[in-house]
Amino acid sequence: MQATTTVPHPSKPAADPNSASTTELIAALRAAVGPTNVLVDPDITAAYSRDMMPLASAGRPLAVVFPTDTAQVAAVVRACAGAGVPMVPRGAGSGLTGAANAVDGAVSVVLTKMDRILEVDEGNRLAVVQPGVVNLTFRSEVETRGLFYAPDPSSYDWCTLGGNLSTNAGGLCCVKYGVTTDAVLGLEVVLASGEVLRTGRRTVKGVAGYDLTKLIVGSEGTLGIITEATLALRPKPAAPCTLVAAFASTEDAGGAVSGAIRAGLVPSLLEIMDATCIKAVEAYTKSSILGDDTPTPAAILIGQSDVGGPGGRREMDELERVCLAANAVFSYVTDDLAEGRMLLQARRAVLTSLEVLGTWLTDDVCVPRTQMAALIAACSEISSEVGLTIGVVGHAGDGNMHPTIVYDNSKPAERAAAEVAFGRILDAGRALGGTVTGEHGIGRIKQGFLADEIGPVGIEVHRAIKRALDPAGLFNPGSMFSAG
Ligand SMILES: Cc1cc2nc3c(=O)[nH]c(=O)nc-3n(C[C@H](O)[C@H](O)[C@H](O)COP(=O)(O)OP(=O)(O)OC[C@H]3O[C@@H](n4cnc5c(N)ncnc54)[C@H](O)[C@@H]3O)c2cc1C
């Protein structure tokens, strides 16, 4: 890798939109990606200034560009580097940390037009994709060939694979299949110098050199722009067998999760919803999750096995036994696909349902599975202290909880209370031996929490890596950790 030329640090004042150098940069961007793929009208570029995190700061981009291939990305990076203008890579903008939010005077590089599935190699069970492919589009395509791409964030019908790679996204299936990084074999990345780095391999095994693939995955657009990914596929799992179990207390639900782990069960998903989330979904969908005769429990667990056939049924029957031993007040196992789908739809509808009650602010904290109930109890205390509703939904099988704060964004006091609750939940998670993010990342809202979690040595190593790959601090400045 060659050293980049020194360019002004992005923390310097934003470029004057009418200056000669800005005009020159816009001309270079138009030459790089074509005039129709460069937006400069502030009324239009404003649509690209934020993601889905209401608390994060956001600036006004100088321009928004839509490259369509790797050479165009490299040309954009070279033009920006030459002008000393930072860049914010962006996928669909579904992120929940402000990581794709625009920076004043920077160029937002939106990868959604690089949306081709370049190859599906059935013999080697892998695929090569561009970053703008939507997760569900990709999953659906490989499924037609009897294959399976595991990472499945709840936003899978609109988030992009590039965003998933850059946040190391998780989802419902992590308890069995891990997070995005566990499905990545290699990457193509445009570096700050405009050079193209290829990492990884197409083979099942491969340990040559530092694992640069894992370094880039989860780097939130701070080290380079991913322009291609080689992804590992699995055989398509069997149709699921589904369990739902209800509990009179969240402690009992937590006990069932620990019991399942102790019993050696590996469901393909194991999700939890507390009473607040259950009620919100039932009000929104105008239907009862457990049937009209069952009162709203303190929590439900939804589990699935994708082993198939009698094996899948056995796995869910065993999970049911574990739930009953943990005092479940209701349980039901079904092979019926429509019923299973309905239960999962209820789980996926939580955020939309909470939105009816106000602005939602979803947290992301991962605790040891034995501490899940303690975290939910802490959320309940925090809710009483700040006077806001907090519903807890999450990936119980891996301890990754999404306590979701509901507040009125038009009331400054409620917004401030939501911010306090957001931080207290993270502190509670850390105190229970957890981490401040299981899948959403750090972005522009958790820098302080990252610094606390990994300590000064960890932060300095992050900075050293950043300096080595992006010495001028061009990629996504202000996100994840401070450069200085
Ligand atoms: C309703 C809802 C449910 C969600 N559920 C989940 C869930 O279950 N699990 C989960 O993990 N997340 C979830 N998310 C969060 C979000 O969908 C994920 O973080 C997703 O991976 C973001 O993808 P995106 O395409 O929207 O990326 P963006 O939000 O546009 O960007 C995210 C980050 O990736 C960087 N980036 C994007 N593309 C590139 C690229 N090509 N090269 C370099 N950097 C790039 C950006 O700079 C930014 O740092 C949810 C969000 C919503 C709104």
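Is Ile454 buried, partly exposed or exposed, and what is its relative accessible area? In this predicted model, Ile454 is partly exposed, with a relative accessible area of 30%, and the first legend below takes up its surroundings.

**View 1. Ile454 in helix H15.** Ile454 is found in helix H15, which spans residues 447-469. Its relative accessible area of 30% lies between the limits of 20% for buried and 50% for exposed residues, and Ile454 is therefore classed as partly exposed. When residues up to four places away in sequence are not counted, Ile454 touches Ile459 and His462. Thr160 lies 294 residues from Ile454 along the chain, and the C-alpha atoms of the two residues are separated by 28 Å.

**View 2. The ligand and its surroundings.** Thr160 returns here as one of the residues that come nearest to the ligand, together with Pro89, Gly91, Ser94 and Ser155, out of the 36 residues around the ligand. Polar atoms of the protein approach oxygen of the ligand at several places: a polar backbone atom of Ser154 is 2.9 Å from an oxygen atom of the ligand, and a polar backbone atom of Ala99 is 3.4 Å from an oxygen atom of the ligand. In the case of Asn476 the side chain is involved, with an N or O atom 3.5 Å from an oxygen atom of the ligand. The ligand taken alone exposes 980 Å², and the protein buries 96% of that area.

**View 3. Helix H9 and the elements that cover it.** Helix H9 comprises residues 275-285, and its buried residues are Ala275, Cys277, Ile278, Ala280, Val281 and Glu282. The cover over these buried residues includes three strands, E13 (269-274), E14 (299-305) and E18 (389-395), as well as the helices H11 (337-348) and H12 (350-355). At the start of H9, the backbone nitrogen of Thr276 is approached to within 3.2 Å by a side-chain oxygen of Asp274. Just after the other end of H9, Lys286 takes a positive phi of about 50 degrees.

**View 4. The Arg202–Asp121 salt bridge.** Among the 18 salt bridges that the structure holds is the one in which the side chains of Arg202 and Asp121 meet, with an N to O distance of 3.3 Å. Since Arg202 lies in the loop between E9 and H7 while Asp121 belongs to strand E5 (residues 117-121), the pair ties together parts that are 81 residues apart in sequence. The partners are covered to unlike extents: Arg202 counts as partly exposed at 39% relative accessibility, whereas Asp121, at 15%, counts as buried.

**View 5. The Arg198–Glu228 salt bridge.** The closest N and O atoms of Arg198 and Glu228 are 2.9 Å apart in the salt bridge that these residues form. Arg198 lies in strand E9 and Glu228 in strand E10 (residues 225-232), so this pair ties together parts that are 30 residues apart in sequence. Arg198 counts as exposed because its relative accessibility is 53%, while Glu228 is buried, with a relative accessible area of 15%.

**View 6. A salt bridge in helix H10, and a salt-bridge network.** The side chains of Asp317 and Arg313 meet in a salt bridge with an N to O distance of 3.6 Å. Both residues lie in helix H10 (residues 309-325), where they are four residues apart, about one turn of the helix. An α-helix has 3.6 residues a turn, so residues three or four places apart point the same way. Asp317 counts as partly exposed at 22% relative accessibility, and Arg313 also counts as partly exposed, at 30%. Elsewhere, salt bridges that share partners join Glu119, Asp121 and Arg202 into one network.

**View 7. A nonpolar surface patch at Tyr210.** Tyr210, Leu212 and Leu215 form a nonpolar patch on the surface, and together they have about 330 Å² of accessible area. Tyr210 is found in the loop between strand E9 (196-200) and helix H7 (212-216). With a relative accessibility of 77%, Tyr210 counts as exposed.

**View 8. The buried residue Asp363.** Asp363 lies in the loop between strand E16 (359-362) and strand E17 (365-366), and its relative accessible area of 0% makes it a buried residue. When residues up to four places away in sequence are left aside, Asp363 touches Met401, His402, Pro403, Phe422, Ile425, Leu426, His440 and Lys446.

Technical notes: Residues numbered from 1 in each chain as written. Predicted model: local features only at pLDDT ≥ 70, side-chain atom pairs only at ≥ 80, totals over all residues. Heavy atoms only, no water. Patch = residues over 30% accessible without salt bridge, like charges linked within 9 Å, V, L, I, M, F, W, Y side chains within 5 Å. Areas by Shrake-Rupley, 256 points an atom, 1.4 Å probe, with all protein chains shown as cover. Salt bridge = Lys/Arg side-chain N within 4 Å of Asp/Glu carboxyl O. Helix = DSSP H or I, 4+ residues; strand = E, 2+ residues; numbered from the N terminus. Buried < 20%, exposed > 50% of the residue type's maximum accessible area, 1.4 Å probe, protein only. Near = heavy atom within 4 Å. Polar contact = N/O pair within 3.5 Å; in protein donor to acceptor, adjacent residues only side chain to side chain. Contact = heavy atoms within 4.5 Å.
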